Amino acid sequence: MTPKLHLGNVDLHRLYREMLRIRRFEAKCVELYQAQEIRGFLHLYDGEEAVAVGVMSALQRRDAVVATYREHGQALARGVPMDRLMAEMLGKREGCCLGRGGSMHIFDAALRFFGGNAIVGGGLPVAAGIALADLRLGRDAVTACFFGEGAVTEGAFHETMNLASLWRLPLLFVCENNLYAMGMPLADAEAQTAVFRKAEAYRMQSASVDGMDPVAVQAAAARGVEHARSGEGPFFMECRTYRFRAHSMFDAQSYRSREEVDNWKQRDPIERLRCWMLENHHASEAQLAEIEQGVDQELAAAVAFAEAGTLEPVADLERFVTMDSVPQERTGSVA
């Protein structure tokens, strides 16, 4: 049983603000994509904001995060500045990856945000390696690894789960179960659709949580982080959520009905929290309007920053293909 959190108004307002930042950032990305200012692939997080915000709320600065290719929301919730993230989306040198990562490869070493991974399930063994390194180095850090339910069909998922349990790694597995691996319904791909049950095969503690409720997600994540940090081994979370938009901008969504999408939108995590706070006197309309205005101002500044940014010159295209020369002061004198 996941314990209840006792959150004050400040905490609730923060959850609302962080989810709203993600939602409005994503909406702006759609506009910029349609204007061809963002190129390549674009996978949006609308509807799943409660997962990223709830999990990040349970982590410490020393902890690590490994994300999926649908990671803009995870990056924002982790603390990647919105202006640097937007600049990265536009391929500008002012971006968090100097414009070289783009939508699917967001990275921030200072925040221990290790991807953006474009390969389904590709982040799982990476997360195990980070957790093992932290364990051996005595860093008292937990690694949170995000992945979709489509990744559980990959061999890397089962190999990572097995080693994480054997080595008692400080890992928080976060499965964002949005019911569709691209266009494949979960029930058509998995005999066991209760994904958290798969953790039982590896003798791992697990929980299934409403991924449309940031408070429920944060409570489960806090329990999982405490479990992993205390040396009890990995913890598995299945967050039952839903993406309101297509898998990517090129997806016709022929695998699901408009009625299904509309039904899930009735559980919109942002609107649910907003209504609950108003009904229970945890926020006023004026307070929420102030939050919304602040988010809009931050977003406008981020877009202006990104659009004013610079593109990498053609002469630098081969930079980072091989390791740059290491400065002599880091290697010592060879004289």
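Here is a short walk through this predicted model, one selection at a time.

**Stop 1: the sheet**

Start by showing the strands. You should find an open sheet of 5 strands, in the order E1-E2-E3-E7-E6, with parallel pairing. The edges are E1 and strand E6 (205–210), each of which pairs on one side only. Look along the sheet and check the twist: neighbouring strands are turned by 20° against each other on average, direction ignored.

**Stop 2: strand E2 and its partners**

Now select residues 143–148, which make up strand E2. Is this strand mostly covered or mostly open? Mostly covered: 5 of its 6 residues are buried.

Add residues 64–66 to the selection to bring in strand E1, which runs parallel to E2 and is joined to it by 3 bridges. To see where the two strands meet, pick Ala 64; Thr 143 of E2 stands opposite.

Then go to the other neighbour, strand E3 (residues 171–177). E3 also runs parallel to E2, and here 6 bridges do the joining. Two pairs are handy to label. Thr 143 has Leu 171 as its bridge partner in E3, while Gly 148 has Glu 176. So Thr 143 is a good residue to keep on screen: Ala 64 stands opposite Thr 143, and Leu 171 is its bridge partner in E3.

**Stop 3: helix H6 on the sheet**

Keep the strands on and select residues 155–166, helix H6. H6 lies across E2, E3 and strand E7 (235–240), and runs at about 150° to E3.

Zoom in on Thr 160, which sits in H6. Is Thr 160 buried or exposed? Its relative accessible area is 4%, so it counts as buried. Show what surrounds Thr 160: setting aside residues up to four places away in sequence, it touches Leu 124, Pro 125, Ala 128 and Phe 173.

**Stop 4: helix H8 and Arg 229**

Next, select residues 214–229 for helix H8. This helix packs on the sheet and touches E3, E6 and E7, and its direction makes about 165° with that of E6.

Arg 229 belongs to H8. With a relative accessible area of 21%, Arg 229 is partly exposed; the cut-off for buried is under 20%. Which residues does Arg 229 contact, leaving aside neighbours within four places in sequence? Display Gln 60, Arg 62, Asp 63, Asp 140, Ala 141 and Val 142. For a distance check, draw a line between the C-alpha atoms of Arg 229 and Ala 118: they are 28 Å apart, with the two positions 111 residues apart along the chain.

**Stop 5: helices H1 and H2**

Finish with a helix pair. Select residues 9–34 for H1 and residues 49–57 for H2. Their axes are 9 Å apart and the packing angle is about 135°, so the two helices are oblique to each other. The crossing of H1 past H2 is right-handed.

Turn on side chains to see who makes the contact. From H1, show Arg 14, Leu 15, Glu 18, Met 19, Ile 22 and Arg 23; from H2, show Glu 49, Ala 50, Val 53 and Ser 57. Colour them by class and you get 5 nonpolar, 1 polar and 4 charged residues.

Conventions. Residues are numbered from 1 along each chain as its sequence is written. This is a predicted model: local features need pLDDT of at least 70, side-chain atom pairs count only at pLDDT 80 or more; totals for chains, interfaces and linings use all residues. Side-chain values use heavy atoms; hydrogens and water are left out. Axes are lines fitted to C-alpha atoms, for helices over the stretch in contact, and angles run from 0 to 180 degrees between N-to-C directions. Helices (H or I, at least four residues) and strands (E, at least two) are DSSP runs, numbered from the N terminus. Angles under 35 degrees count as roughly parallel, over 145 as roughly antiparallel, 65 to 115 as roughly perpendicular and the rest as oblique. A crossing is left-handed if the near helix is turned anticlockwise from the far one by less than a right angle, and right-handed if clockwise. Contact means heavy atoms within 4.5 Å. Ala, Val, Leu, Ile, Met, Phe, Trp, Tyr, Cys and Pro count as nonpolar, Asp, Glu, Lys and Arg as charged, and the others, Gly among them, as polar. Buried means under 20% relative accessible area, exposed over 50%, partly exposed in between (1.4 Å probe, protein chains only). Two strands pair if DSSP finds at least two bridges between them.
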